[in-house]
Amino acid sequence: MDPRTPYAQSPNRTAVLSGRGLVKRYGTQHALAGIDIDIEAGDAVAIVGPSGSGKTSLLHVLAGILRADAGEIFLAGQRVDQLNEKKRSELRRTEFGFVFQSGMLVAELTAEENVALPLLLGGAGRKEAITAGREWLTRLGLAGKEGRRPGELSGGEAQRVAIARALTHRPKVIFADEPTGALDTRTGRDTMDALLHAAAESGAAVIVVTHDRELAESMPRTVSIRDGLIAARLAA
Amino acid sequence: MNALQIALRVLRVDRRTRTSAILTGVGVAVATGLVLLLVSLPFATQVRAERAQWQEQSYSSNSEQPAPLLLSYSEDFVNGKKMTRVDVAVMGNPAGVKLPAGMPKLPAPGETLASPELAKLMRELPASQLADRFTPNIAGSLGNDALRFPEQLAAIVGHTPEDMPSDAVPSTAFTHGDPEPDGLLQLLSGVGVVVLLVPSLVLVASAARLTAARRERRLAAIRLAGATPGQVTGMVTAETMISAFGGALLGLALSPGLHALATLVPWAGGTWQATDFNLPVGLTIVLVLAIPLLVGLAAVLGLRRVFSTPLGAAAGHSRKPLHWWRLLAVPASGLFFLLAILYASSDSAGDESGLLVLFGLAVLVASASVVGPWITSAVGGTFVKVWRKPAGLLAGRRLRDDPKGAYRASAGVVLAVFAGSMALTLMPSFEAQAGGGRAFQDSVLYVETVPANATQIAQRADASLAKYGEQARSEVVRQVSIKVNDSQRGSYSALVMDCPTAKRMTRFNVGSCDATPGIYSSYQLDTRGASVISYYGNGEEQGTPFAAGVPVHLLSAADKDVMYSLLIDPAALPAGLEQSPMERVTVAVPSTDANREVIRTALGGASGGSQVYSRELRLENQQTELSDLRRVTVIGLIAAGILAGCSAAVATAGSVMDRRRTFGALIAAGTPVKVLSRALRMEAALPAMVATIGAGVVGVSVGIGLFSLVEKDGIVLSPWILAPVALGVGVALLAASVCTPALNRVRAEPLADE
């Protein structure tokens, strides 16, 4: 089978997020050379590959952070790659959640305020957002640490705050870029368990970009990328 | 790899560090240029004063030496411009007399040496308006070295000793002792150094802190890798010094251009010569070295956290809350300033009192940077409690978490508002002080003399006026002292003039002149026991009582400047009053725009070169001084405002750069840039608003204090004093708006680029 065209050109009707023929260039270099991918609702997919293979670019293009040079993206069957920046921002704020390598929490805000932030930005009131933030922190085992700043939390705790922040507005898809990259193995495993468990509870799909082979193997599905193309697709 | 090599490598590979270094360099260049200009102002006034010292009356300290010169000094005016005139006669051997620089020769009797601008006017105007005031032979030109400023109207006129004006004094030389530089300009340059240097340094500090968080993390990592505090200090010093010294050299290179611009700004009637602003080489070197060293010192002091807790710096732990004692800084420094003002305005004040007041001002200005962060933190704390929108939460937390950093953005604005409020308090009060002068109408020209010369001067003046075809004639006006039974005021000065003449020549509102001859006064006067006092020297005085029942006519006081003057009809003077030889007599001629210069020529010629006065010129001189003040105030405030705006903008951009990864992540997660922009604008505007209001109040208070050095009362508070606060908040908001392009740049950069 030609790895460049493994799927049909129309999106999978059951997929919550689909990419078709995605191309992303930086100068003359192809970060993505024509990728097709489908993410089902509740799916948990690890994207793996060597450095520079294009996995983070794929994550950013699917999430609408970067605009693809060619190709189409569908969210629940609706094409979203042609949306303007304002609409894409709104989409990211309402339909997607993000977990970054070092949490990327707002250093000045407390844990509960960090978690409440997406709801506040979406127009929720102070009380509603803070209450939701506290609930998510409790679900992720951080009860009693609501008032701590990111600098006062351990790496694993900070990542769990980031996971809570990613889930608090009940997104359809969670994008996680090297979520355990800054953690030791055991804390990383615990953090991933927390992410997958919480995502499964809320029915969100999870896309994780990782270098960590062990972490990737623990995921239900793995997509391997090399030179901007899908090299292999493995199901657990 | 040594510290310098590491610094150069970081600069080569890191674009943001390079940007910070360039901005730091520009900030240091601006600060260096401004400091070199401001510090040169006292030198410039000194050089001006030295050049013009021969134009100022001074007395020989050695009275035993025979005086070869007879000198008379006067000011004259032509077309509203001030003219300096020195009349000279040689009494002995002039060989030992040292000529002032720029004066090619000592004018012989009948010769005049004029400045180029005066010589040009003499050629352009009819002789009756100007040239006739001088001897007919223009024997040479005064060079620039003899002039206060290039376009000065100045002349030295040669006479025989017999022809000299009556007020001439013998002198051994043209100059004695040290010149007296312009005190007001020296004070203003001191204030300028304080209020402009601080915003300059804030700009430098903002630029140096542009990548502070990034550098702090890098240095903490180096420290954790085993570098000693000394090595880290070396790295920071090298990194800062490269840009700071570069900036200082750039400032030095730009300095002549700035000085050339400064020569175009008129002060005290004229511009400056190109060399006036030259600073001594030694001082220039000290200043050019001192500013970068201060910047380096500030950068090293900013590393305390890296030295004490490198782990804390690397992990970005939150900082300690600020102590409440910071609040005491303003009252304490205010008290010090108040004491300095009280001392300076006391009778025991010495020469050092001015410096003490300036030091007090500097302490007060410095106290803003102590209390400012506390206020910022308090404002942040309030917002953390009451926020409703994410912008309020983000701004409140940021202000609470890093009040020093947040205040830095508004520190320059606070200083500019302080300076503006102070200036706008002083200016209307100074303007309200304008006026005064004698009771003659503004356009009346007059010379003052003694009774013995008055008639002769009047006759000569009338003859000249007739020769020039003018209808106007002179009036000889006596001025007497009246003693009354009044515990508040012992004596009054009174012009002796009949009612129709007073109506024509003075500002007394005498009405229709139908009343019986008497005393005209703005207030009720008890004439029982009143007398006219005649002075005879050596403290001897003689009172001649008024006739009983001398009428007192109440004037409707239209002009506050004549309130305490009286007018006496000659017929109401006491019988048998003798004219004292020391009585003040004025020869006055009313003028119009058309004949003013001719009358001035006639009066000046008739009095042998004595000073010809008029209230109009007094008011014009006041307006010139006020214009000078307004001009330098506006220039200073614009400079302070631009510096403040730049430092606020740089600090805001730095705040975005420090948190670019967090902002990048928030934008990636869908946070609209406008929400973050609003938060950052609020972050900049909130402390600016609170601090500028405080700075406005303190500025007004300081303005009142400084004004009290000049006048005890008469402070005028105009609504315009609110303008600096409004403008300050506007500048802070405008500067904060740079966060939007900065955030857009963050959005455009890949998240992983760190």
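What does chain B average in pLDDT, the predictor's confidence in each residue, from 0 to 100? Colour chain B by this score: the average is 81, and 90% of the residues score at least 70. Then select residues 313-318 of chain B, where the pLDDT is below 50, although this stretch has 16 contacts in the model beyond near neighbours in sequence; two residues are in contact if their C-beta atoms, placed from the backbone, lie within 7 Å.

This is a predicted model, in which local features need pLDDT of at least 70 and side-chain atom pairs count only at pLDDT 80 or more, while totals for chains, interfaces and linings use all residues. Residues are numbered from 1 along each chain as its sequence is written, and chains are lettered from A and ligands numbered from 1 in the order in which they are written.

Next, select strand β14 (residues 565-568) of chain B; strands are DSSP runs of E, at least two residues, and helices are runs of H or I, at least four residues, numbered from the N terminus. Ser565(B) and Leu567(B) point one way and Leu566(B) and Ile568(B) the other way, and all are buried, that is, 20 or more other C-beta atoms lie within 10 Å of their own, with C-beta atoms placed from the backbone.

Add strand β9 (residues 491-496) of chain B, which runs parallel to β14(B) and is joined to that strand by four bridges; Ser493(B) has Ser565(B) as its bridge partner.

Finally, show both chains: 21 residues of chain A are in contact with 21 residues of chain B, and α3(A) gives the most to the side of chain A that touches chain B, with five residues.

Definitions and conventions:
Buried ≥ 20, exposed ≤ 12 C-beta atoms within 10 Å, placed from the backbone. Pairing = 2+ DSSP bridges.
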